[in-house]
Amino acid sequence: ILSNNATDDHCKEFVKQGGLEPLIKIPSLPNIAIQFASSRACMDVAITLKDILTLSQDGTVIVQCFNQIDQLIKQLEPMYDPTSESYLVNELSRSATPTQPYNSAKSTPLLHTITSLESYTTLLISLCKVGQVDMRTVCIAKWAAIRGWLIINKLSHLYTAIVWENDLLGLLSPPYNHSVGRVDLERLIEAIGPNPVIKLKERNVRTNLRRTL
């Protein structure tokens, strides 16, 4: 309905009826799959938000995304404190359902929060890819404001934490020559049980790690 109308009547009515807020919150729903950011559903949400932004010529859409990102970053603040153990592996090993942890945001809250944040990053990238000069002005104005700078600053700190987490996960990959996070890994393997697929792929994993290094 929004994309098939050249006027802003439907768009304004949609926002007036309170449709924007629940639409913005879709990526942060607890039952969203962890692959949501790369799914067609996420792109559909992005396209709809882009239509609203283009027709309304109002930066409210971007501000609403900022609000959601702010809340998610607060939930990820524990990861700002670098440790010698992986937060995600620790969370997974302590999950009540370690064999199916991805299905529940309660079991793996950090993982699902990172997934939601990735989805909002995808939305913002899509929103800012506009060809109209007036829409570029709206986007730049929101990002150049104090709120936009604060979001960028918080994301940069979070990026550092995620890079550190990624390095720790790399150390926990086969052939497990490091003691970092060993306790959580052993607890996780004990809960899940032996997996013959790991042995079959161990050689390929080692090769890929050497190439990465």
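At 34% relative accessibility, K25 counts as partly exposed. In this predicted model, the side chain of K25 meets that of E21 in a salt bridge, with 3.1 Å from N to O. E21 is also partly exposed, at 43% relative accessibility. Both values fall between the 20% below which a residue counts as buried and the 50% above which a residue counts as exposed. The pair is one of four salt bridges in the count.

Before the other charged pairs, the overall fold. The protein chain has ten helices and zero strands, so that, read along the sequence, the pattern is α-α-α-α-α-α-α-α-α-α. The chain has 213 residues, of which 34% count as buried. Among contacts with a separation of 6 or more, 73% are made by residues 24 or more positions apart. The accessible surface of the chain comes to about 12,900 Å², and carbon and sulfur atoms hold 57% of that area.

Side chains of opposite charge can pair when their charged atoms come close. One such pair sits within a single helix: the side chains of R40 and D44 meet in a salt bridge at 3.1 Å, N to O. Both residues belong to helix α3 (residues 40–56), where they are four residues, or about one turn of the helix, apart. An α-helix has 3.6 residues a turn, so residues three or four places apart point the same way. R40 is exposed, with a relative accessible area of 58%, whereas D44 is partly exposed at 34%.

Another salt bridge runs between helices. The side chains of K154 and D70 meet at 2.7 Å, N to O. K154 lies in helix α8 (residues 146–171) and D70 in helix α4 (residues 60–75), so the pair ties together parts that are 84 residues apart in sequence. K154 is partly exposed, with 28% relative accessibility. D70 has 14% relative accessibility and therefore counts as buried, since the cut-off for that class is under 20%. The pairing does not stand alone, as D70, R147 and K154 are linked in a network of salt bridges.

Helix α6 shows a different setting. The helix covers residues 109–128. Its 20 residues reach 29 Å from the first C-alpha to the last, close to the 28 Å expected at 1.5 Å a residue. Of these 20 residues, 14 are buried, so α6 is largely enclosed by the rest of the structure.

Two neighbouring positions of this helix illustrate the enclosure. T115, found in α6, is buried with a relative accessible area of 7%. Not counting residues up to four places away in sequence, T115 touches A33 and I34. S116, in the same helix as a member of residues 109–128, is buried as well, at 6%. Leaving aside its neighbours within four places in sequence, S116 is in contact with P27, S28 and L72. With P27 there is also a polar approach: a polar atom of the S116 side chain lies 3.0 Å from the backbone oxygen of P27.

C128 is found in α6 too, but is partly exposed, with a relative accessible area of 30%. Leaving aside neighbours within four places in sequence, C128 is in contact with C139 and W143. The C-alpha atoms of C128 and C139 are separated by 6.2 Å, and the two residues are eleven apart along the chain.

C139 and W143 lead on to helix α7, where the buried residues are M135, V138, C139 and W143. These cover an arc of only 125° around the axis, which puts them on the same side of α7. The face turned away from that buried side carries the exposed residues V133 and I140. The length of α7 can be checked as well. At 1.5 Å a residue, its twelve residues (133–144) should span 16 Å, and the end C-alpha atoms are 16 Å apart, which agrees.

Notes
Residues numbered from 1 in each chain as written. Predicted model: local features only at pLDDT ≥ 70, side-chain atom pairs only at ≥ 80, totals over all residues. Heavy atoms only, no water. Helix = DSSP H or I, 4+ residues; strand = E, 2+ residues; numbered from the N terminus. Buried < 20%, exposed > 50% of the residue type's maximum accessible area, 1.4 Å probe, protein only. Polar contact = N/O pair within 3.5 Å; in protein donor to acceptor, adjacent residues only side chain to side chain. Contact = heavy atoms within 4.5 Å. Expected span 1.5 Å × (residues − 1). Arc of directions from axis to C-beta. Areas by Shrake-Rupley, 256 points an atom, 1.4 Å probe, with all protein chains shown as cover.
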